[in-house]
Amino acid sequence: MNYYIDLGSSTIKVYCYLNELKLIEEHSIHFKDGFSCDRGFSSSVLEELFLYFNQLVKKYSLKYENTFIYATGIFRNLSDEKQRDMLKEFNSRFDLHFNIISHGIENYYLGCAMQNDYQDNKVLIINMGGKTTELVTFVGKELVDRKNLNVGVGDILNVFCKINEKYSEEKIEEIEEFVSKRIGDISLDSDYDCAIFTGGEERFEKLTGFHLVQNTLFDDGIHNYMISIDDYIKDTEKVFYKMSMDELYQFMPSNPKWMDGARAGAVLPLVLFKMAHIQWIVPSDLNLIHGVIHDCKNL
């Protein structure tokens, strides 16, 4: 049994692999709280991270030879010195390899995860994290474009402090304007047949009652649902203004902090959907670890 850990800017996802990949648990930490590129993470954040890994090591008997860690997002923002300090301290505590991967490699694994026959459809794939967003374009079976964006959920949460009040006191339109400025002059085609929004989105949309319908664009045995852009906008407004944070937390009792990024995480891709004139969105739970497994199988 091997274990794969996706260590993102806000959520740690733990997978086991024996013939098939399975998400076995997850834990959210607000790494951005007190973070500085030059000073690193706050002592309380590091304490929570190390405590959680202590629990994981004991629970699953994690060792160097059976555990693969892929750190992304905010970990890449550490200065070279702080990255070295982070690796040294982590490796002194655990018999594990702490691996901070580049934005380009993360995008590569996204492409591996989403490699599929999209049956002549042109598909924009969006993978959003706490500090970065990756874009991949497929036409049928062929990967034809990659883009990396240095904006994520954490950037929205830093600026729009009242987004997670009981009901959001921030306006969707103002957040869209902020994201558009952060994206800058990036250009997207306007002839996509759909967009696939990855990283736990299918689970989120099911939990919160988004108006999903059967996916009739392609059949891969994985992505069974899609939602129109109009319904996506309406359901995002519901999550912002009609559904309380307490209600959102109750959907994820084992890891309620995961929902702290729900509202921000719905708006960032909305900007991209509108830029690319997307009419249909396919939610997906795939992420970079699925790409790691796919890549290993092809070696």
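How much space lies in the second largest cavity? In this predicted model, the second largest cavity holds about 30 Å³ of space, and the legends below take up the cavities and the nonpolar cores in turn.

**View 1. The second largest cavity and its lining.** Leu 124, Leu 135, Val 136, Thr 137, Asp 145, Arg 146, Lys 147, Leu 188 and Tyr 192 line this cavity, with β6 (133–139) and β7 (142–149) as the elements that give two or more residues to the lining. By residue class, the lining divides into 5 nonpolar, 1 polar and 3 charged residues.

**View 2. The largest cavity, with a volume of about 720 Å³.** The structure holds 2 cavities of 30 Å³ or more, and the largest is lined by 40 residues, among which Ser 10, Thr 11, Met 128, Gly 129 and Gly 130 lie nearest its centre. At least two lining residues come from each of β2 (11–18), β5 (122–128), α4 (153–159), α6 (201–207) and α9 (262–275), and the lining as a whole comprises 12 nonpolar, 19 polar and 9 charged residues.

**View 3. The largest nonpolar core, of 46 residues.** Ile 156, Tyr 232 and Phe 273 are the members that touch the most other members of this core. Elements that each supply at least two of its residues include β5, α4, α5 (172–183), β8 (194–197) and α7 (229–241), while α9 gives the most, with 9 residues.

**View 4. The surroundings of Ile 156 and a separate core.** Once neighbours within four places in sequence are left aside, Ile 156 is in contact with Ile 163, Ile 175, Phe 178, Val 179, Ala 264 and Leu 268. Apart from the largest core lies another, of 30 residues, including Leu 7, Phe 50, Leu 56 and Phe 90.

Methods. Residues are numbered from 1 along each chain as its sequence is written. This is a predicted model: local features need pLDDT of at least 70, side-chain atom pairs count only at pLDDT 80 or more; totals for chains, interfaces and linings use all residues. Side-chain values use heavy atoms; hydrogens and water are left out. On a 1 Å grid over the protein atoms alone, a cavity is a set of points where a 1.4 Å probe fits but cannot get out, and a pocket is an open set with protein on both sides within 12 Å along at least five of seven lines; lining residues have an atom within 4 Å of a point. Grid points are joined across faces, edges and corners, and a volume is the space filled by probe spheres set on the points. Helices (H or I, at least four residues) and strands (E, at least two) are DSSP runs, numbered from the N terminus. Ala, Val, Leu, Ile, Met, Phe, Trp, Tyr, Cys and Pro count as nonpolar, Asp, Glu, Lys and Arg as charged, and the others, Gly among them, as polar. A nonpolar core is a set of buried Ala, Val, Leu, Ile, Met, Phe, Trp, Tyr and Cys residues joined through side-chain atoms within 4.5 Å. Buried means under 20% relative accessible area, exposed over 50%, partly exposed in between (1.4 Å probe, protein chains only). Contact means heavy atoms within 4.5 Å.
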